[in-house]
Amino acid sequence: MHTQGESELLRALTREARCVVEIGVYEGSSAVVFCEALGPQAELHLIDPFVDEGGWALRPGWRATPAATRLAVWRRARRGGPQIRWHIARSQDVGRAWSGPLVDFVFIDGDHSPEACREDWDVWHPHVKAGGVVAFHDARLDLPGGTGGPGPTAVVNDLFRTKGPPAGWQIRSEVDTTVVVQRAAGPPAESRSAR
């Protein structure tokens with residue numbers, strides 16, 4: 001589901017993280033990478049409704065089930081790995097109700113429609129701490145050395161390439177299909193009580 005270069009990038013970005021959110025777990029290949037990188041003090045939030053109502057998230061005929069994915073992740077999770085929290089729900093709904101800690105890393109790889117991908121960004125980026133990152137998977141369609149899907153690519157292009165990045169954010173790195181954006185270090189993200 002991702003390249004070797006992307007696996008190495010995900011490991012490097014989450015090695016010291018305390019709270020990681022993965023949007024779109026499917027069969028758990030990225031979740032396994034996070035389990036390998038994160039320590040016991042970390043929380044790994046895995047979010048997937050395991051339905052593809054719009055037809056943008058999966059190729060025709062592809063599907064996964066929560067039970068099979070949990071088993072696959074459980075088999076690969078190591079002792080001393082992160083505390084895993086499952087959310088069988090829409091990522092946007094989980095984000096709107098989020099009362100957890102500020103997030104170090106959000107991996108957006110769920111519904112690939114432009115609307116849902118943009119909604120994931122809109123709902124989740126306020127929860128990212130200063131210096132934290134958001135990675136968009138499948139977001140480098142038609143770029144040199146890249147590939148991806150039209151939805152995530154359109155969102156990244158609109159947010160970060162066409163008009164310039166949102167205030168306090170910038171592209172940090174790009175590997176294969178993945179674009180990583182980072183919140184500037186500095187004052188912490190606004191508190192939940194201020195929203």
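# Exercises on a predicted protein model

Val25 lies in the loop between β1 and α2. The model is a predicted one, in which local features need pLDDT of at least 70 and side-chain atom pairs count only at pLDDT 80 or more, while totals for chains, interfaces and linings use all residues. Residues are numbered from 1 along each chain as its sequence is written, and side-chain values use heavy atoms, with hydrogens and water left out.

## Exercise 1: the loop residue Val25

Determine whether Val25 is buried or exposed, and state how far Val25 lies from Asp109 in space.

Step 1. Burial is judged by relative accessible area: under 20% is buried, over 50% is exposed, and partly exposed is in between (1.4 Å probe, protein chains only).

Step 2. Val25 has a relative accessible area of 3%, and is therefore buried.

Step 3. From C-alpha to C-alpha, Val25 and Asp109 are 7.7 Å apart, although 84 residues separate them in sequence.

## Exercise 2: architecture and confidence

Describe the order of the elements along the protein chain, and identify where pLDDT stays under 50.

Step 1. Helices (H or I, at least four residues) and strands (E, at least two) are DSSP runs, numbered from the N terminus. The protein chain has six helices and seven strands, arranged from the N terminus as α-β-α-β-α-β-α-β-α-β-α-β-β.

Step 2. Of the 195 residues, 46% count as buried. Helix α2 (residues 29–37) is mostly covered, with seven of its nine residues buried; among them are Val32, Val33 and Phe34.

Step 3. A contact means heavy atoms within 4.5 Å. Among contacts between residues at least 6 apart in sequence, 72% join residues at least 24 apart.

Step 4. pLDDT is the predictor's confidence in each residue, from 0 to 100. The protein chain averages 86, and 80% of the residues score at least 70. Over residues 190–195 pLDDT stays under 50, and the model has nine contacts beyond four places in sequence for this segment.

## Exercise 3: the nonpolar cores

Find which residues have the most contacts inside the largest nonpolar core, and which elements each supply at least two of its residues.

Step 1. A nonpolar core is a set of buried Ala, Val, Leu, Ile, Met, Phe, Trp, Tyr and Cys residues joined through side-chain atoms within 4.5 Å. In soluble globular proteins, nonpolar side chains tend to be buried together.

Step 2. The largest core comprises 24 residues, and Val106, Trp121, Trp124, Val134 and Phe136 have the most contacts inside it. At least two residues of this core come from each of β1 (19–23), β4 (103–108), α5 (114–124), β5 (128–136), α6 (150–162) and β7 (178–183).

Step 3. Beyond its neighbours within four places in sequence, Val106 is in contact with Val21, Ile23, Trp124, Val128, Val133, Val134 and Ala135. A second, separate core has 19 residues, including Leu10, Val33, Leu38 and Val180.

## Exercise 4: the aromatic cluster

Classify the Trp121 and Phe160 pair by the angle of its planes, and state which residues form one aromatic cluster with Trp121.

Step 1. Rings of Phe, Tyr and Trp (its six-membered ring) pair if their centres lie within 6.5 Å; planes under 30 degrees apart count as stacked, over 60 as edge-to-face and the rest as tilted. The whole structure holds eight aromatic pairs.

Step 2. The Trp121 and Phe160 rings have centres 5.5 Å apart and planes at 85°, so this pair is edge-to-face. The pair links helix α5 to helix α6, across 39 residues, and both partners are buried.

Step 3. Trp121 also pairs edge-to-face with Trp169, at 5.0 Å centre to centre and 70° between the planes. Trp169 lies in strand β6 (residues 169–175), so the pair ties helix α5 to a part 48 residues apart in sequence.

Step 4. Trp121, Phe136, Phe160 and Trp169 form one aromatic cluster.

## Exercise 5: polar contacts of Asp104

Identify which side chain makes a polar contact with the side chain of Asp104.

Step 1. Asp104 is found in strand β4, and counts as buried because its relative accessibility is 10%.

Step 2. A polar contact is a pair of N or O atoms within 3.5 Å; within protein, one must be able to donate a hydrogen and the other to accept it, and residues adjacent in sequence count only if both atoms are side-chain atoms.

Step 3. The partner is the side chain of Lys129, at 2.6 Å. A polar atom of the Asp104 side chain also lies 2.8 Å from the backbone nitrogen of Cys19.

Step 4. Lys129 lies in strand β5 and, at 34% relative accessibility, counts as partly exposed.
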